[in-house]
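Take a look at the structure shown here. Then follow the path through its strands.

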Amino acid sequence: QVQLVESGGGLVQPGGSLTLSCAVSGDILSLKMSGWYRQTPGKQREMVAVTVPGGSTMFAESVKGRFTVSRDNAKNTQSLQMMALQMNSLKPEDTAVYYCYAETWGSTTYWGQGTQVTVSS
């Protein structure tokens, strides 16, 4: 079992920055990939950034050059992993509920509870 808990959402002005955090706990060693998705009302959940086996990260075209992902290795243990999504140069169209995500080698997916990000003046 894996649990994901996000934090860090909120209201930010266009052009601003925000960092989302995700605490991933449980059977960390079973995980194949992890990352971030987002969803707006009436639309399907879309991939924002996903780190695949080997360590490379794929980003959606709409966020390339503005968003980065990182892991706080100083806090990581065999049962806890901290991930972050750093969002810069935010635009109103980045407004969404953001979810952290993890998938095991057995193709089981886990989702966080979601955190609202609103970009507005």
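The text below starts with one strand and its partners, then turns to a disulfide. The model is a predicted one.

Start at strand S11, which covers residues 115-119. Its side chains alternate between two faces. Thr115, Val117 and Val119 point to one face, and these three are buried. Gln116 and Thr118 point to the other face and are not buried.

Next come the partners of this strand. Strand S2, residues 10-12, runs parallel to S11. The two are joined by 3 bridges. Valine 12 has valine 119 of S11 as its bridge partner. That valine is among the buried residues of S11.

Strand S9 spans residues 96-104. S9 and S11 run antiparallel, again with 3 bridges between them. Here alanine 96 has valine 117 of S11 as its bridge partner. Val117, too, points to the buried face of S11.

S9 also leads to the disulfide. The structure holds 1 such link. Cysteine 22 and cysteine 100 form it, with their sulfur atoms 2.1 Å apart. The link is right-handed, with 55° about the S-S bond. Cysteine 22 lies in strand S3, residues 18-26, and cysteine 100 lies in S9, so the disulfide ties together parts that are 78 residues apart in sequence.

Are the two cysteines buried or exposed? Buried means under 20% relative accessible area. Cysteine 22 has a relative accessible area of 0%, so this residue is buried. Cysteine 100 is also at 0% relative accessibility and therefore counts as buried.

How values were computed:
Residues numbered from 1 in each chain as written. Predicted model: local features only at pLDDT ≥ 70, side-chain atom pairs only at ≥ 80, totals over all residues. Heavy atoms only, no water. Buried < 20%, exposed > 50% of the residue type's maximum accessible area, 1.4 Å probe, protein only. Helix = DSSP H or I, 4+ residues; strand = E, 2+ residues; numbered from the N terminus. Pairing = 2+ DSSP bridges. Disulfide = S-S within 2.5 Å.
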